[in-house]
Amino acid sequence: MGEQDIRVQTDEKRHRAFTRAILNDLQALERMIEQGMIETGVRRIGAELEMFLIDEGGEPKNMAMQVLDRLDHPGFTTELAQFNLETNLSPRVFGGDCLRRMETEMRENLLLARTAAKEEGGSILLTGILPTLKKAHLGLDSMSPNERYRHLNDAITAARGGEFSFLLKGIDELDTTHDNVMLESCNTSFQIHFQVAPHEFARFYNLAQAITAPVLAAAVNSPVLLGKRLWQETRVALFRQSVDTRSRFQQSRGIRPRVSFGDHWVDGSIIDVFREDIARFRAVLATEVEEDALKLLSEGGVPNLDSLRLFNGTVYRWNRACYGVGNGVPHLRIENRVLPAGPTVHDQMANAAFFFGLMSALAEEHQDIRDALEFDHAKDNFTAAARTGLRAQFVWTDGKEYTAQKLILEHLVPKAREGLELQGLDPQDIDRYLSVLEERVESGRTGAQWMLDSLTAMKGRGTTEQRTCSLVRSMRELQRKGDPVHTWKNADFTEETDWPHSYVRVNQFMTTDLFTVQPNDVVDLAASLMDWRHIRHVPVEDEEGHLVGLVSHRTLLRLVGKNLQASTDEGEERTVGDIMKTNVVTVASNAPTLEAIQKMRAHRISCLPVVDGERLVGIVTERDLIHVAARLLEQTLLDAQGSGESN
């Protein structure tokens, strides 16, 4: 997805030309491998880091383009959303102080990004999923202004044939729909690269598949999405669903999604991986074909294989096969895409060291990992790690079953140490990174667990919005200090010190735990709800969640005066539809708080249903706004008192 100059392919003729170019590129790659042109005899590592751009209140801030202008640095680029940013780190020979130098470069780049973001009134955050994200943040207005992203959205939406449905279950349940691909932008990752020679590609690719589960279990950092506590690494499930191009018919046939762990070990070479993906997936992005790879190869040149690489960027294997050219020399590498961003630079480097060490050690231990581990077990291990993190149960190469925690501590951390020592890494660096990972796993305090523990400790205080904002603000401060996550104390609930950011928009304080009725329900049900829940308004919605009316306490009182139990002309009991108010004044969930106040004053109403489109998502009452006003008065008095003391 690094290609920027994408032109929308509006007709089948152009699409066929691009497909031919992909096949041409694949043939050229095959010839380069046969002719020994691909680099061998050297092992390099690299990484890419994605981050969130947030405002002072901890919510996403659309400022990527402004931050990039301030940075003016080739190591930074856009991502799908304007509240995301990516930095690419330099490839390094695997050995010596390579990990320490990677960490230093990452810290330097993050300092640059943090400084540029601060100049735009915001900051950066490293986390797999930003807990304060809401659907209101995920419209096309938040998409980066780049034609490739618009085309990707249009192509995937068209292939899908309608809205995207999402169903995820963890502690809570998320069951929602969305009309574009922007839910993908909820994910940020720390993608690490491992260079391999052509003849060893399959062997190392299969190793990467095998170790992905335990590495992920130790690194989980994405448990909260849209206010719901879901998987320990919710990114895995969300990414699969957010760019799923399969129609319902294709899903029913069991066709593989574009985001996949795979279905089997790799038996041949990197060519077989590309062939399988080309056979399974239609190109959704295309560009004008400017390079004839076979012709360039015959003339002694080194092709970039732009068409193949662009196509490969839209097939999202968790371990991706990659071709690249560095300093005029072509190479192959495995890109592990499963690790989340954060919680700290030190934690990320510990995760990378664990992966690289295991790749090196298990290559020595297993000539062919397929002889020791069934693919189905590797795949099942991966899903279990994403769901439950260190509590996952794994089947390992000895055929025995372990908890992720026991397997990592008793078997895999020592192996990773051996692997890094085998590659000649600095002993102090090995201890610096793997000790942090070992302590994290031993304590069970991953980034995901820290978030969940913090939210549990805040339970009963404030709204969901206030708790997630407090979580993000604490995370930001702890990241700046840099201590690894297993040493962090639970996040503080900070409504008292940073309350204004919690009341800027309606969705930050509206009530979302709604009790509603439908038009055909009996009136007595609405009256009972008001009595049981001590509420004065009951929204009326249809079976699709669309707001169709409102029943108020005042309406019921009037009916009581006219004999609520009276029958209609047909002798049937009155329904909610008979008495509800249908011309209901509403407000959008992302509307400013001031707009809600103005509407309630102008229409002299004490209740304001909150909608996204036509669907009911919340409600705001006079009581909510009185609380906001009380907080405003309290803070004004405190500010005045503080000003007097300073004078």
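Let's start at a chain turn: helix H16 is followed by Gly482, a residue with a positive phi, near 90°. Keep in mind that this is a predicted model. Now step back along the chain to H15, which is followed by Gly460, and here too phi is positive, near 90°. So what sits ahead of each of these glycines?

Take H16 itself, residues 464-481. With 18 residues at 1.5 Å a residue, H16 should span 26 Å, and its end C-alpha atoms are indeed 26 Å apart, so the expectation and the model agree. As for its surroundings, 14 of the 18 residues of H16 are buried, so the helix is largely enclosed by the rest of the structure.

H15 tells a similar story. Running over residues 447-458, H15 has 12 residues and reaches 17 Å from its first C-alpha to its last, close to the 16 Å expected at 1.5 Å a residue. Of those 12 residues, 9 are buried, so H15 is also largely enclosed by the rest of the structure. If you want to pick them out on screen, look for Gly447, Ala448, Gln449, Trp450, Met451, Leu452, Ser454, Leu455 and Met458. And what do the buried residues of H15 pack against? Their partners are strand S9 (224-225), strand S10 (228-229) and our helix H16.

Next, a helix pair. H5 (residues 201-219) and H13 (residues 404-422) have axes that come within 10 Å and cross at roughly 110°. That angle makes H5 roughly perpendicular to H13, since anything from 65 to 115 degrees counts as such. On the H5 side the contact is made by Pro214, Ala217 and Ala218, while H13 brings Ala404, Ile408 and Leu412. Sort the residues of this contact by character and you get 6 nonpolar, no polar and no charged.

Finally, have a look at the strands S6 and S7. In a regular strand the side chains alternate between the two faces of the sheet. S6, residues 164-169, shows the alternation nicely: Phe164, Phe166 and Leu168 point to one face and are buried, whereas Ser165, Leu167 and Lys169 point to the other and are not buried. Follow the chain out of S6 and a hairpin of 3 residues joins it to S7. S7 covers residues 173-178, and the two strands pair in the antiparallel sense over 6 bridges. Within that pairing, Leu168 stands opposite Leu174 of S7; Leu168, remember, is one of the buried side chains of S6.

Key:
Residues numbered from 1 in each chain as written. Predicted model: local features only at pLDDT ≥ 70, side-chain atom pairs only at ≥ 80, totals over all residues. Heavy atoms only, no water. Buried < 20%, exposed > 50% of the residue type's maximum accessible area, 1.4 Å probe, protein only. Helix = DSSP H or I, 4+ residues; strand = E, 2+ residues; numbered from the N terminus. Pairing = 2+ DSSP bridges. Axes fitted to C-alpha atoms, helices over the stretch in contact; angles between N-to-C directions. Parallel < 35°, antiparallel > 145°, perpendicular 65-115°, else oblique. Contact = heavy atoms within 4.5 Å. Nonpolar A, V, L, I, M, F, W, Y, C, P; charged D, E, K, R; others polar. Expected span 1.5 Å × (residues − 1).
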